[in-house]
Amino acid sequence: VSLQTRGIQSSDSGVRCDSLKQLACVSTDVTFAQEFISRDGHSLLLCVLSVRAPLIMTHTLTGFMELMDHGIVSWDNLSAVFIKKIASFVNAKVLDASIQQVSLAILESMVLSSSSLFQQVKQEVTLERLLSHLQVTNQQIQTKAMALLMALLQTAGDQFFGHSIQSKYSTVLNLWLMVCCDPQNIIHSSASVGDEMAHYLYVLQSVTLNHLEPRMRMPLDSYNQDQREILHGLRQAAFETESENSLSHERRRSLCAKEFKKLGFSNNSNPGQDLLRAPPGLLALDTMAYFASRYPDAYSRFVLENSSREDKHECPFARSSIQLTLILCEILRIGEPPSETGSNYHPIFFSQDRLLEELFCVCIQLINKTWKEMRATQEDFDKVMQVVREQITRTLSSKPTSLELFKNKVNALNYSEILKLRQTERLHQEETLAPPVLELKERLKPELLELIRQQRLNRLCQGTLFRKISSRRRQDKLWYCRLSPNHKVLHFGDVEEDTETPPIESLQEKIPVADIKALLTGKDCPHMKENKGKQTKEGLDLAFSITYDVEEYSLNFIASSRTDFCLWTDGLSVLLGRDMSSECMRSELDILLSMEIKLRLLDLENVPIPDCAPPVPKPPSNFNFCYDLSQAEQ
């Protein structure tokens, strides 16, 4: 520590630069960090920032960031002058990229650490400057800028860069669209989107869509005049009615009930009753009103076409709209908080200002089309909605980048195509299993389970890269864990992001397999108990831990995917002499059994397999001879 301190204070710029570079590396060690900070070393680093040499500034900021990450010194202790200086690095139009990258990371940590620092950072960094960082070709700067933008967006209360919380969604998204629609930028660029950027795009999608949650949770208030006017506006937009003022009260009431019935409301005398279910609540009313005003011709055509059919064959617009809105909310996960490890975003989200409403307008017409293809009646309503859900889910899984592309794909995926896909999947999954085939399966299982066990152990020997996640922020630090070739020791240690498969000798930490006492998953893990109440269901599903040395210590994991979770929990179960229990193991066993059975029964194609074995005939009447082998040998 003394050598580092003297080197930092050296008048020789070369010595100072080398010392700062070494400091940035050793600051990751908590013991060094505690000693260095106890000697007021972090304050010394703030003085070094006055030096304008880019390399020295980069190493200084990196070292400072690593020291602060240990949580020994509170971020609140930083002065407003320092915050302004870091913000000036971010706002500068011409500056070394590595300086801006670390500065963005420091500001992100400040925002996540306290509300007072959030206010200061928000005042110093402009939204326009942040978005300009997303337009650069440097992916690291793009990712750090996106991380800071998401931290600001998630931490904001009633105000976000001067905009009210109600307009926050459209403000951010409109500015973001200016960036995304450029073919050279993040989503449409030829380079693949990195894991970190994919996560932040997913967070942006979740946060913005979740602003629809209050409307989704709120049922219709039959005493609210505005909501009643929207309901009657739907009726008036669909039907050309005579002047209602000239009608008597009873006649007007009868006419309204008749038209609301044609619109597809279950309770035509009081249509508001249909919108009391929440979700989808008022969001269903919003989507219907949007469709009627944005596409009036399509709206009128839908309603009039169905009102001219027989009652049992008409597709009810209102009932379909309410159910469709609920389906879209579930598919888009509106109301669910963003996961710490999620990265599944929809590119179409970044091509639309009002994604839910536009998807609704496409899919409500899809319902009418599918209804006719299925020749459905009122009793088939649930079946039609299941098919429509499948059409939407399958189309979105293909990651369409525009609404037009989504519309073309989802309309091409008609009912007959859905039936073909279902039949193909069924043929892969199902087999006609006679009792002899089931018996053969049971005999094959032990051999195939042993094959899966060996694959799991080989996968553990190959190792996996895990990401460190703290309660304060999503960190970039990575660590690697792998099993020794003799299956006796687990090796693990920190690695750089570019590392693919580090040699086992470079992983310094070790845990003998014989010392492992238990395998824990989900909410039983120590790192999940520490953050109780802050974990999402997805985070709990990917967490697992091993305890060792009489359960005094634990090694905690958060898998990057469900597949990695299954591979590691299965492999660790094999090491502990337990049965594998993951869904991946069951799926792989079913696939292997299916393939093996098909190969074994290849020669029996088109030959019926009896349920019972053929009877063994009685021995013949002359079956009373005996051959004495001992006498023959003599």
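Which strands does helix H26 (residues 562-575) lie across? In this predicted model, the answer is E7, E8 and E9, and helix H26 runs at about 25° to E8. Let's start with the whole chain and then walk through the sheet that these strands build.

**The chain as a whole**

- The protein chain has 28 helices and nine strands, so there is plenty to look for as you turn the model.
- Of its 634 residues, 47% count as buried.
- The protein chain exposes about 33,300 Å², and carbon and sulfur atoms supply 50% of that area.
- Take the contacts between residues at least 6 apart in sequence: 67% of them join residues at least 24 apart.

**The three-stranded sheet**

- Three strands form an open sheet, and following the order takes you from E7 to E8 to E9. The pairing in this sheet is antiparallel.
- Strand E7 (516-521) and strand E9 (553-558) stand at the edges. Each has a single partner strand, so one side of each is left without a neighbour in the sheet.
- On average, neighbouring strands of this sheet are turned by 20° against each other, with direction ignored.

**A look at E7 and E8**

- E7 pairs with strand E8 (residues 543-548) in the antiparallel sense, over five bridges.
- To find a spot where you can view this pairing, look for Leu520, which stands opposite Ser545 in E8.

**The helix across the sheet**

- Now return to helix H26, which spans residues 562-575. With the sheet order E7-E8-E9 in mind, you can trace how helix H26 lies across these strands.

Technical notes: Residues numbered from 1 in each chain as written. Predicted model: local features only at pLDDT ≥ 70, side-chain atom pairs only at ≥ 80, totals over all residues. Heavy atoms only, no water. Pairing = 2+ DSSP bridges. Helix = DSSP H or I, 4+ residues; strand = E, 2+ residues; numbered from the N terminus. Axes fitted to C-alpha atoms, helices over the stretch in contact; angles between N-to-C directions. Contact = heavy atoms within 4.5 Å. Buried < 20%, exposed > 50% of the residue type's maximum accessible area, 1.4 Å probe, protein only. Areas by Shrake-Rupley, 256 points an atom, 1.4 Å probe, with all protein chains shown as cover.
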